[in-house]
Amino acid sequence: VFWQVGSSATIGGNSVFKGNILADQSITMGTGAILDGRALARNGEVALDANTITVPDAATASVILVSAGEVTDPFTRAPGHFVNLEARTITVPLSADGQFYRIQSATALNLSDISFIGGSVVITYE
């Protein structure tokens with residue numbers, strides 16, 4: 001999850017925050033705050049005070065599904081899909097129109113299963 005902030009962001013002391021913070025100015029994390037993600041400030045500083053930051057594993061953090069109506073069309077984020085990083089699955093609603101898909105990842109993925117469940121296609125990867 002990416003949180004885009006148009007100015008500065010403040011995470012309260014002893015709070016737990018999940019996601020990647022993209023701030024235009026600065027980011028301040030209160031004493032003891034925990035971040036499961038990244039804190040990136042464009043024009044200012046990231047101020048820390050006894051914080052715990054866990055950066056997600058790059059191999060699982062950047063799995064994205066993109067689609068296009070024709071293989072030669074520009075590929076954009078697929079509407080209605082869901083990537084579950086913990087279960088390592090991608091769920092795509094079935095479409096009456098033909099659609100081309102690409103899975104983008106920072107590392108190579110091994111597809112271990114493709115199933116039709118309800119009105120969706122579920123892709124499992126390793």
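This briefing walks through some strands, contacts and side-chain pairs in the structure above. Keep in mind that the model is predicted. The structure holds one salt bridge, and there is one aromatic pair as well. We'll start with the strands, then move on to single residues.

**Strand E14 and its partners**

- Let's begin with strand E14, which covers residues 120-125. Five of its six residues are buried, so the rest of the structure largely encloses this strand.
- Strand E13 (residues 111-117) is one partner: six bridges join E13 to E14, and the two run antiparallel.
- To find one of those bridges, look for Phe-116, whose bridge partner in E14 is Val-121.
- E13 and E14 also make a hairpin, with two residues between them. In the turn you'll meet Gly-118, which has a positive phi of about 60°.
- Strand E11 (residues 89-93) is another partner, pairing with E14 in the antiparallel sense over five bridges.
- Here the pair to look for is Thr-91 with Val-122, its bridge partner in E14.
- As a reminder of what holds such pairs together, strands of a sheet pair through backbone hydrogen bonds, either parallel or antiparallel.

**Ser-120, a residue of E14**

- Ser-120 has its place in strand E14. Is Ser-120 buried or exposed? With a relative accessible area of 17%, Ser-120 is buried, because buried means under 20%.
- Setting aside neighbours within four places in sequence, Ser-120 is in contact with Thr-91, Val-92, Pro-93, Leu-94 and Ser-115. You've already met Thr-91 as the bridge partner of Val-122.

**An open sheet of three strands**

- Three strands line up in the order E9-E8-E12 to form an open sheet, and their pairing is antiparallel.
- Which strands sit at the edges? They are E9 and strand E12 (100-104), each of which pairs on one side only.
- E8 and E12 are paired over five bridges, again in the antiparallel sense.
- If you follow E12 along to Ile-103, you'll find Leu-65 standing opposite.

**Val-63, just before E8**

- Val-63 is in the loop between helix H1 (58-61) and E8.
- At 7% relative accessibility, Val-63 counts as buried.
- What does Val-63 touch? Leaving aside neighbours within four places in sequence, its contacts are Val-83, Leu-85, Ile-90, Ile-103, Gln-104, Ser-105, Leu-109 and Tyr-125. Ile-103 is the residue that Leu-65 stands opposite in E12.
- Val-63 and Leu-111 are 48 residues apart along the chain, with 12 Å separating their C-alpha atoms.

**Phe-75 and Arg-102**

- You'll find Phe-75 in the loop between strand E8 (64-68) and strand E9 (76-77).
- Phe-75 is buried, with a relative accessible area of 19%.
- What lies over the face of Phe-75? That's Arg-102, at 3.8 Å from the ring centre.
- In sequence, Phe-75 and Arg-102 are 27 residues apart, while in space their C-alpha atoms are 8.0 Å apart.
- Arg-102 isn't alone here: not counting residues up to four places away in sequence, Phe-75 touches Val-66, Ser-67, Ala-68, Glu-70, Phe-100, Tyr-101 and Arg-102.

**The salt bridge**

- Which residues form the salt bridge? Asp-24 pairs with Arg-42, and their closest N and O atoms are 3.5 Å apart.
- Asp-24 lies in the loop between strand E3 (16-23) and strand E4 (27-29), and Arg-42 in the loop between strand E5 (34-41) and strand E6 (46-47), so the pair ties together parts that are 18 residues apart in sequence.
- The general idea is a simple one: side chains of opposite charge can pair when their charged atoms come close.
- Asp-24 counts as partly exposed, at 22% relative accessibility, whereas Arg-42 counts as exposed, at 67%.

**Asn-20 in strand E3**

- Asn-20 is found in strand E3, and at 8% relative accessibility Asn-20 counts as buried.
- Where does the side chain of Asn-20 reach? It reaches the backbone nitrogen of Arg-38, at 3.1 Å.
- Not counting residues up to four places away in sequence, Asn-20 touches Val-1, Phe-2, Trp-3, Gly-37 and Arg-38.

Definitions and conventions: Residues numbered from 1 in each chain as written. Predicted model: local features only at pLDDT ≥ 70, side-chain atom pairs only at ≥ 80, totals over all residues. Heavy atoms only, no water. Phe/Tyr/Trp six-rings, centres within 6.5 Å; stacked < 30°, edge-to-face > 60°. Lys NZ or Arg CZ within 6 Å of the ring centre and 35° of its normal. Salt bridge = Lys/Arg side-chain N within 4 Å of Asp/Glu carboxyl O. Helix = DSSP H or I, 4+ residues; strand = E, 2+ residues; numbered from the N terminus. Buried < 20%, exposed > 50% of the residue type's maximum accessible area, 1.4 Å probe, protein only. Polar contact = N/O pair within 3.5 Å; in protein donor to acceptor, adjacent residues only side chain to side chain. Contact = heavy atoms within 4.5 Å. Pairing = 2+ DSSP bridges.
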